[in-house]
Amino acid sequence: MKEKQKIFQLNMESLIKVFAVSILFMMLGSVLLQVIIRRLPIGINFPWTEEIARFTNIWVAFVGAAYLLGDHISVNAIVKRLSLKAQKYLSIIVDLIACCFFGIVLWGAILMSILEVNKVTPAVGISMTFFYLPLVICSMVLLVYYSIQAIKDVKDVKVKESKGVAKEC
């Protein structure tokens with residue numbers, strides 16, 4: 001079971017990497033096109049390149065956040081001074097707070113997506129829902145990740161407590 005989970009995780013990471021790099025190249029291409037066209041003496045302007053660059057920048061930021069998952073920067077100087085048991089309980093609390101946060105973000109992003117569905121961007125003409133979609137996807141991925149992490153931490157605490165009870169008997 002754990003091997004299947006590892007394979008699934010590696011496949012998802014590879015898929016996210018390919019998607020993020022593709023979006024990054026799309027952003028690079030649109031910005032490069034905008035700069036080149038602006039410098040040419042033909043007088044042509046592509047207003048959609050700026051909009052595409054803005055949207056792909058948002059997508060790269062949120063897809064990158066989802067890719068990092070548990071590897072975000074943290075300050076753990078105080079946490080390291082706690083006992084291992086206290087660290088585990090604190091980890092559970094942090095995971096639950098993260099779940100609440102990403103649940104609220106997900107709810108707000110879905111609400112904004114629904115409210116903006118009939119509005120379109122001026123240059124490209126796509127729905128503004130596309131603007132909120134990376135936030136929905138990222139918050140869903142992070143909500144699932146932190147939920148799984150909280151469940152693992154709770155199981156770890158229960159296993160360690162049951163081993164401690166077994167040693168006492």
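The following exchange covers the nonpolar core, a surface patch and the aromatic pairs of a predicted model.

In this predicted model, local features need pLDDT of at least 70, side-chain atom pairs count only at pLDDT 80 or more, and totals for chains, interfaces and linings use all residues. Residues are numbered from 1 along each chain as its sequence is written, and side-chain values use heavy atoms, with hydrogens and water left out.

Biologist: Which elements give two or more residues to the largest nonpolar core?

Modeller: A nonpolar core is a set of buried Ala, Val, Leu, Ile, Met, Phe, Trp, Tyr and Cys residues joined through side-chain atoms within 4.5 Å. The largest has seven residues: Ala-66, Ala-98, Cys-99, Phe-102, Cys-138, Leu-142 and Tyr-146. Two or more residues come from each of α3 (84-115) and α4 (129-168).

Biologist: Is Tyr-146 buried or exposed?

Modeller: Buried means under 20% relative accessible area, exposed over 50%, and partly exposed in between (1.4 Å probe, protein chains only). The relative accessible area of Tyr-146 is 15%, so Tyr-146 is buried.

Biologist: What kind of aromatic pair do Phe-46 and Trp-48 form?

Modeller: Rings of Phe, Tyr and Trp (its six-membered ring) pair if their centres lie within 6.5 Å; planes under 30 degrees apart count as stacked, over 60 as edge-to-face and the rest as tilted. For Phe-46 and Trp-48 the centres are 5.6 Å apart and the planes stand at 35°, so the pair is tilted.

Biologist: What kind of aromatic pair do Tyr-145 and Tyr-146 form?

Modeller: Tyr-145 is partly exposed at 22% relative accessibility. With 5.1 Å centre to centre and 80° between the planes, Tyr-145 and Tyr-146 form a pair that is edge-to-face.

Notes. Helices (H or I, at least four residues) and strands (E, at least two) are DSSP runs, numbered from the N terminus.
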